[in-house]
Amino acid sequence: MKFTYRRSVVSLVRLLYLAGLVFLFYLGWQIGWKEISFFNAGYYVVLLSYTALLLVFMSLYGGLRVGSLRITNLLLSCIFALLFTNFFIYFELSLINNGLLDVVPILCVFGAQALLAALGCYLMNTVYYALTDTREVVAVCDGDPGDAAVIDKMSRFDRRFHVVRVLDSRLPLEELIGCIAPHDSVLLGGMDPATRSALFQYCYRSGKRINVIPNAMDIAMSVATKTQLFDSPILLCKNREPTPEQRLIKRVMDLVIASLGLVIFSPLMLVLALAIKLYDGGPVFFRQTRLTLGGKPFSIFKYRSMRVDADKHLPEGVNLAQTNDSRITRVGRFMRPYRLDELPQLLNVLMGDMSIVGPRPEQPDYHLIFASELPEFALRLRAKAGMTGFAQVYGRYNTTPRDKLNMDLFYTEDFSIVQDIKLMFMTLKILFVRESTEGFAETPAPPSSLFTIAAHADSMTQVAPAAQADALLHEEQPTPSAPAENPGVKVG
């Protein structure tokens, strides 16, 4: 039952949930907007339009991704999907009516739908996990700290994954396969290409789920075009830049959105500027050199969120903004969670140094440090720096350089105008996700139970001692010294 009918049952619950949301809209329409009436199939056309919009925004925000998002994140995704769906359908019906309709009915509909969304998310989540067994995952890596971090994150998602083993990829292949065989999933991290290929082929033939921590080549291959040379299939990595048409459309979008943004947010920007000036009398703006397309340096604008002498009060051994950093002003503590300190970057967009969507710009010194450890990090400079982007939407403020690189490669290797529009909509959601603006922790988070699981596994006789796995994941790694931070710096 758990595996045979799980998808069907969960899909049915999703369908009933969506039907309830559409029904509430129809009910509100019939009660509150009686002046909007149609003959024959007119009602069905509007309901079909509403359903289509709802599905588009649910897909965009992940409102139906049960099991992949926390229930609070899932609910927030549904709320945003409903908000934009009702917004667009309201204006569609107002156009039909040749005048703006009363907003009270649609607000009442939205409120009722929000309550149903809370109940629906809870029920979908409950049904999903009731029908889903936790997957036993064997992780194989070579001790890279980045791999260890991913494994630790997976182990914390204990309702879906149970990381039972952590294996050194340098063990004999036969021993690795023997350890993987009893379990249904595997996580492949960094290792010798030949070992990785052999393990992938074994797991694929054995019907096991394969999770891969990607490198730059994996990401390029994931968006490769399927083609053929006569009767021979070929994967084509075009490695191309945006076309002139795409560049033109993107630039026009930047100019329009930045101009509208400055007009709409000008009252708020004025209030913030006054608040910063009145708080301590220091400068309103903070400027810093960053890198954009092709490694070109430019001055980025931000509202100052730290005290003027922040560089003199830098904690020893710390270069980046910390959680509860004492250098952040009261005004800064208000601005940072909602990223209001970045509003002046609309000026950078108008000047052509930045785009609305693109990889976040790094400081030259940090770029050199990261590129020395990750040569592929320079690939981020193939696109113009952006106010928001793939790494900002799906990552966090304290996302590691390697993960930031991989997410930005997902963007640059599969660039499209549609993806830019999607990321703009998604940015509105992350403003309400606290984790996306977290600073770097002052002390490392305590390790999860991952590193002690293997010591209690019944089948430990088949693998290397637990001490070997523990040493593998906690092996000392060289850490480059970071440059001194300028006042108010916040790595984007």
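**Exercise 1. Which residues lie nearest the centre of the second largest pocket, and how many residues line it?**

Step 1. Start with the lining: 23 residues line the second largest pocket, and Ile257, Phe265, Met424, Thr427 and Leu428 lie nearest its centre. This is a predicted model, where local features need pLDDT of at least 70, side-chain atom pairs count only at pLDDT 80 or more, and totals for chains, interfaces and linings use all residues. Residues are numbered from 1 along each chain as its sequence is written, and side-chain values use heavy atoms, with hydrogens and water left out.

Step 2. Pin down the term. A pocket is an open set of points on a 1 Å grid over the protein atoms alone, where a 1.4 Å probe fits, with protein on both sides within 12 Å along at least five of seven lines; lining residues have an atom within 4 Å of a point.

Step 3. Now the volume: the second largest pocket holds about 840 Å³ of space. Here a volume is the space filled by probe spheres set on the points, and grid points are joined across faces, edges and corners.

Step 4. Find the contributors. At least two lining residues come from each of α9 (244-280), β10 (386-388) and α15 (417-430). The largest share, seven residues, is supplied by α9. Helices (H or I, at least four residues) and strands (E, at least two) are DSSP runs, numbered from the N terminus.

Step 5. Sort the lining by class: 18 nonpolar, three polar and two charged residues. Nonpolar covers Ala, Val, Leu, Ile, Met, Phe, Trp, Tyr, Cys and Pro; charged covers Asp, Glu, Lys and Arg; the others, Gly among them, are polar.

**Exercise 2. Work out which residues of α2 are buried and how they sit around the axis.**

Step 1. Check the length. Helix α2 (residues 42-61) has 20 residues and reaches 29 Å from first C-alpha to last, close to the expected 28 Å. That expected span is 1.5 Å times one less than the number of residues.

Step 2. List the buried set: Gly42, Val46, Leu47, Tyr50, Leu54, Phe57, Met58, Leu60 and Tyr61. Buried means under 20% relative accessible area, exposed over 50%, and partly exposed in between (1.4 Å probe, protein chains only).

Step 3. Look down the axis of α2: its buried residues fall within an arc of 160 degrees, so they line one face of the helix. The arc is that of the directions from the helix axis to the C-beta atoms. On the other side of α2, Tyr44, Val45, Leu48, Val56 and Ser59 are exposed.

Step 4. Pick up a neighbour. Val46 has its C-alpha 8.5 Å from that of Ile89, 43 residues apart along the chain. Ile89 belongs to helix α3 (residues 71-97) and is buried, at 0% relative accessibility.

**Exercise 3. Do the same for α7: which residues are buried, and which are exposed on the other side?**

Step 1. Helix α7 (residues 193-205) has 13 residues and reaches 18 Å between its end C-alpha atoms, close to the 18 Å expected.

Step 2. Thr195, Arg196, Leu199, Tyr202 and Cys203 are the buried ones in α7. Down the axis of α7 they stay within an arc of 135 degrees, so they line one face.

Step 3. Pro193, Ala194, Tyr204 and Arg205 are exposed on the other side of α7.

Step 4. Stay with the cysteines: Cys203 has 0% relative accessible area, and Cys179 is buried too, at 1%. How many disulfides are there? Zero, taking a disulfide as a pair of cysteine sulfur atoms within 2.5 Å.

**Exercise 4. Take Asn98 and Arg339: what is the sign of phi for Asn98 and for Arg339, and is Arg339 buried or exposed?**

Step 1. Recall the background: most residues other than glycine have a negative phi.

Step 2. Asn98 has a positive phi of about 60 degrees although it is not a glycine. Its place is the loop between α3 and α4 (103-130), and Asn98 is exposed, with 72% relative accessible area.

Step 3. Arg339 also has a positive phi of about 60 degrees without being a glycine. Arg339 sits in the loop between α10 (330-335) and α11 (345-351) and counts as buried at 16% relative accessibility.
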